[in-house]
Amino acid sequence: MMNGTHVLITLGGYVDLDKYRYVYFVFLLTVYVFILCSNCTIICLIWIHRSLHEPMYIFIAALSLNSLLYSAAIYPKLFVDVLSRRPIISHSACMLQCFLFYTLGSTDFFLLSAMAYDRYVSICKPLQYATTMKTTNVKILLVLSWFLPACQISVAVVINAKQKMCRSVSGGIFCNNSLNKLHCVRSETLANFGVFLFLNIVVVPVLFILFTYVKIFIVVYRRCSRAREKAAETCLPHLAVLFSFSCLIVFDVTVDQLEEEIPKTVRLFMMLQIVVYTPLFNPIIYGGKMKAILKHIKKMFRHLGK
């Protein structure tokens, strides 16, 4: 039995790290640079152009900012690990990374919920939109999107940090639920609170988003084809992002519950999907599917090409 506050945790999720060390590094560095460039582009375009200073685009910029924070919590440590002889992390640093990983991941669902509410008011109650989605309310929604997950995840991290550890080799490449496998005894408190968290920060927002978009599609179905096109243009990208995030949550839960039954290569692939797909998908979807943003991206590249 080890005191969790002093133990070093080995991240043993890599496959043939000594052989493919530089392949890992080049791949992760390339992805990280693309994440930085694409998300920063979205944020800068929305910041610069006053025509994009609307709640929907502000929430999109917040998603991109969250992707940058999420990547910053994961990628620097990955770079150090793939270039090290032995990828290790202290227990306290692991708890911090775990907190950031789940807090920022949960924030995406809350931001998507705020975006769904924004679309609902805009399409279903247009006369109330200016009052309901005024600047003060948008700021409140943004603060709550980060604050509520942080408060709830911090409780789970504190409970996790107090557990006694009998193993020091994790099956992951970063700190997530795989840490639970290192505990000497399965904590019922942690398990029950984990279920509460999953329902509160994943299931409830997803149900709210789906309910909201069902209401939206019912309303626009009764209107002209132009209204349906506009609703599809703004709502379908949100649903695509929601679907991708939901799949990644399923990946994370699957890796945690079936870690010993999944081949190591498959497990590594699933964990790479979590760190690559999440921060990369937002700018691709919103930059390619939202006409207002795509127009400014094309204009920017034409200006750079001169």
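1. A residue counts as buried when its relative accessible area is under 20%, as exposed when that area is over 50%, and as partly exposed in between. Keep those cut-offs in mind for Asp16: its relative accessibility is 47%, so Asp16 counts as partly exposed. Please also remember throughout that this is a predicted model.

2. Let's stay with Asp16 for a moment, as there is something else to notice here. Asp16 sits in the loop between β1 and α1. Its phi is near 50°, which is a positive value in a residue other than glycine. If you are stepping through the backbone, you will meet this residue just ahead of helix α1, which covers residues 17-48.

3. Now for the overall layout. The chain has 306 residues, and 47% of them are buried. Its secondary structure amounts to 9 helices and 3 strands. Following the sequence from start to end, you will read the pattern β-α-α-β-α-α-α-β-α-α-α-α. Among contacts with a separation of 6 or more, 81% are between residues 24 or more positions apart.

4. The strands make a good starting place for the eye. They form an open sheet of 3 strands in the order β2-β1-β3, and the pairing is mixed. The edges of this sheet are β2 and β3, each of which pairs on one side only.

5. How do the two pairings of β1 run? Strand β1 (residues 8-11) is antiparallel to β2 (residues 88-90), with 3 bridges joining them. With β3 (residues 169-170), β1 pairs in the parallel sense, over 2 bridges. Thr10 is a handy residue to click on: its bridge partner in β2 is Ile88, and its bridge partner in β3 is Val169.

6. A helix also meets this sheet. Helix α3, residues 91-124, lies across β1 and β2, and its direction is at about 90° to β2.

7. Turning to helix packing, begin with α1 and α2. Helix α2 spans residues 55-82, and its axis is 9 Å from that of α1, at an angle of about 160°. An angle over 145 degrees counts as roughly antiparallel, so α1 and α2 are roughly antiparallel to each other. Their crossing is left-handed. The contact of α1 with α2 brings together 23 nonpolar, 4 polar and 2 charged residues.

8. Val23 gives you a landmark in this region. This residue belongs to helix α1, and Val23 counts as exposed because its relative accessibility is 55%. Along the chain, Val23 and Val82 are 59 residues apart, while their C-alpha atoms are separated by 9.3 Å.

9. Next, look at α2 against α3. These helices pack at an angle of about 170°, and their axes are 10 Å apart. They are therefore roughly antiparallel to each other, and α2 passes α3 in a left-handed crossing. By class, the residues in this contact are 17 nonpolar, 4 polar and 4 charged.

10. Which way does α2 run relative to α5, parallel or antiparallel? The two axes come within 11 Å and cross at roughly 25°. Since angles under 35 degrees count as roughly parallel, α2 is roughly parallel to α5. Here α2 passes α5 in a right-handed crossing.

11. The residues that meet between these two helices are easy to select. On the α2 side they are Pro55, Ile58, Phe59, Ala62, Leu65, Asn66 and Leu69, and on the α5 side Val138, Leu141, Leu142 and Trp146. This contact of α2 with α5 has 10 nonpolar residues, 1 polar residue and no charged residues.

12. Finally, have a look at Asn137. Its place is in helix α5, which covers residues 135-161. With a relative accessibility of 25%, Asn137 counts as partly exposed. Asn137 lies 82 residues from Pro55 in sequence, and the distance between them in space is 9.7 Å, C-alpha to C-alpha. Once the neighbours within four places in sequence are left aside, Asn137 is in contact with Thr131 and Thr132.

Notes. Residues are numbered from 1 along each chain as its sequence is written. This is a predicted model: local features need pLDDT of at least 70, side-chain atom pairs count only at pLDDT 80 or more; totals for chains, interfaces and linings use all residues. Side-chain values use heavy atoms; hydrogens and water are left out. Axes are lines fitted to C-alpha atoms, for helices over the stretch in contact, and angles run from 0 to 180 degrees between N-to-C directions. Helices (H or I, at least four residues) and strands (E, at least two) are DSSP runs, numbered from the N terminus. Angles under 35 degrees count as roughly parallel, over 145 as roughly antiparallel, 65 to 115 as roughly perpendicular and the rest as oblique. A crossing is left-handed if the near helix is turned anticlockwise from the far one by less than a right angle, and right-handed if clockwise. Ala, Val, Leu, Ile, Met, Phe, Trp, Tyr, Cys and Pro count as nonpolar, Asp, Glu, Lys and Arg as charged, and the others, Gly among them, as polar. Two strands pair if DSSP finds at least two bridges between them. Contact means heavy atoms within 4.5 Å. Buried means under 20% relative accessible area, exposed over 50%, partly exposed in between (1.4 Å probe, protein chains only).
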